[in-house]
Amino acid sequence: MNKILDRSRINSYIYNMNTLPTEKRVQIINLLVEGTSMRAASRIADVSINTISKLLIEVGQACQLFHDETVRNVQAKRVQADEIWSFVGSKEKNKPQDKEGYGDAWTFVGIDSDTKLVISWLLGDRDIDTATFFMKDIADRIKGSVQLTTDGLKAYIKAVDAAFPTDDEIDFAQLVKIYGPALGNGNERRYSPAECTGAEKTVIYGQPDQKFISTSHVERQNLTMRMHMRRFTRLTNGFSKKVENHGYAIALHFVYYNFVKQHKTLRTTPAMAAGLMKGFMSIEEIVRLVPEKTQGKRGNYKKKVTAE
C-alpha cells in the first residue's frame with residue numbers, strides 16, 4: 001500500500017466513534033458550540049469530517065432527550081417567543097424539486113425573560129401547525145399563569161388559544177415593530193439592517209403589564225444563535241446540508257446555552273437561575289450524555305472449507 005497516498009485518510013483509521021477519546025470529543029464539541037464550522041473543526045481536531053458528523057448526531061440526539069426531560073415545571077412569569085430564519089441546502093426560491101428537506105427552516109424559540117432560560121424550541125415551517133405545537137410545548141413546561149409576548153405572526157393567536165384554553169392562565173400581547181428603509185446606499189444599503197422607527201403593542205388576551213410587552217430578550221437570543229452556530233451565519237457556505245443535522249446542532253446549542261455558558265448579567269447559567277440545576281455543567285458532561293455503546297459477544301469462528 002502506498003502510505004503517502006493514504007496519509008490524508010489516516011485519522012479515519014485512528015479515530016472512529018467507538019475509540020474516539022473523551023478528550024477529543026470534548027475538543028470537537030467545544031469547537032462546534034463556539035461557532036466553528038464542521039470542516040474547520042475537522043482540521044483543528046485532526047479527525048475526519050465523517051467523525052465530526054457522527055459525533056454531532058449522537059450528541060445532538062442526547063441533548064434533545066436531556067432538554068425534554070430536564071426543562072420541566074419552569075416557574076416563568078414572563079415569556080417571550082420569536083422565530084429565526086435559516087435555510088437547509090438552499091433558500092426556498094432556489095430549492096430543487098427532488099431534494100426533500102431543502103429550503104427555508106424556521107426555529108421557534110421561547111425564553112423566560114427573567115432567567116433567560118430557553119424553555120422550548122422547535123424547528124419547522126412558519127405556519128399555524130408549527131406555531132401550535134410550539135405553544136403547546138411551552139404550556140406543558142411552565143407552571144402557573146404567565147405573560148406572553150410574541151411578534152406579529154398571526155399564527156400565534158390561534159396557537160396560543162389552543163395551548164392555553166382558559167384566559168386566566170395567560171396574559172398575551174403582540175409587539176409589531178415598524179421598520180423604515182435600510183440605511184446607506186448601494187452595497188451599504190443591501191447589507192445594512194432596516195431602521196426600526198417604532199413599535200405597536202396589541203393586547204390579545206388578559207391584562208398584560210404594558211412595560212413588559214417586549215421581545216428584546218428573545219431577539220438577543222437570536223443573535224446568540226447566529227454567533228454560536230456556523231449554520232446560522234449569513235452570506236457564507238456554512239449552512240446546513242441536512243435538516244436532521246440542523247436540528248441536532250440546535251439541540252446542542254440550547255443545552256450548551258442553558259446549562260454550560262455563564263450569562264454575563266446573571267453570573268450563572270439560565271438553568272441555575274431557573275432552579276433546574278445547582279451548578280455549571282461542563283462540555284465533558286454534555287459528551288457523557290451519550291450512552292456508552294456495549295460491544296456484543298462475538299460468535300464462534302467457523303473455518304471456511306473450500307473444495308480442492
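Start with the largest nonpolar core, and select Ile29, Leu32, Met135, Tyr156, Leu252, Ile283 and Ile286, the residues that touch the most other members among its 72. A nonpolar core here is a set of buried Ala, Val, Leu, Ile, Met, Phe, Trp, Tyr and Cys residues joined through side-chain atoms within 4.5 Å, and buried stands for under 20% relative accessible area, with exposed over 50% and partly exposed in between, for a 1.4 Å probe and protein chains only. Helix H10 gives the most to this core, with 10 residues.

Before going further, keep in mind that this is a predicted model, in which local features need pLDDT of at least 70 and side-chain atom pairs count only at pLDDT 80 or more, while totals for chains, interfaces and linings use all residues. Residues are numbered from 1 along each chain as its sequence is written, and side-chain values use heavy atoms, with hydrogens and water left out.

Now centre the view on Leu252 and show its surroundings: not counting residues up to four places away in sequence, Leu252 touches Ile29, Leu32, Val33, Leu56, Val59, Cys63 and Ile286, where contact means heavy atoms within 4.5 Å.

Next, select Gly247, which is found in helix H10; helices (H or I, at least four residues) and strands (E, at least two) are DSSP runs, numbered from the N terminus. Gly247 is buried, with a relative accessible area of 8%, and, apart from residues up to four places away in sequence, it touches Gln64, Trp121 and Leu123. A C-alpha to C-alpha distance drawn from Gly247 to Gln64 spans 9.1 Å, although the two are 183 residues apart in sequence.

Stay with H10 (residues 243–259) and add helix H9 (residues 216–228): the two pack at an angle of about 115 degrees, with their axes 11 Å apart. These axes are lines fitted to C-alpha atoms, for helices over the stretch in contact, and the angles run from 0 to 180 degrees between N-to-C directions. To see the contact itself, show Gln221, Thr224, Met225 and His228 in H9, which meet His253, Phe254, Tyr256 and Tyr257 in H10. By class, this contact of H9 with H10 has four nonpolar, four polar and no charged residues, counting Ala, Val, Leu, Ile, Met, Phe, Trp, Tyr, Cys and Pro as nonpolar, Asp, Glu, Lys and Arg as charged, and the others, Gly among them, as polar.

For another helix pair, select H3 (residues 22–33) and H4 (residues 38–45), which pack at an angle of about 145 degrees with their axes 10 Å apart. On the H3 side the contact is made by Lys24, Gln27, Ile28, Leu31 and Leu32, and on the H4 side by Met38, Ala41, Ile44 and Ala45. By class, the contact of H3 with H4 has seven nonpolar, one polar and one charged residues.

Turn now to the strands, beginning with S2 (residues 103–112), of whose 10 residues nine are buried, so that S2 is largely enclosed by the rest of the structure. Nine bridges join S2 to strand S1 (residues 78–88), and the two run antiparallel; two strands pair if DSSP finds at least two bridges between them. To follow the register, pick Ala81, which stands opposite Gly110 in S2, and then Asp82, which stands opposite Val109.

On its other pairing, S2 is joined by six bridges to strand S3 (residues 118–124), again antiparallel, and here Ile111 has Val118 in S3 as its bridge partner. S2 and S3 form a hairpin with five residues between them, and in the turn Lys116 has a positive phi of about 65 degrees.

Return to S1, where nine of the 11 residues are buried, so this strand too is largely enclosed by the rest of the structure. Three bridges join S1 to strand S4 (residues 146–150), and these two run parallel, with Gln80 standing opposite Thr149 in S4.

End on Thr149, which is buried with a relative accessible area of 1%. Leaving aside its neighbours within four places in sequence, Thr149 is in contact with Val79, Gln80, Ala81, Ala173, Leu175, Phe212, Ile213, Ser214 and Thr215.

Zooming out to the protein chain, its secondary structure comes to 12 helices and six strands, and 45% of its 308 residues count as buried. Among contacts between residues at least 6 apart in sequence, 62% join residues at least 24 apart.
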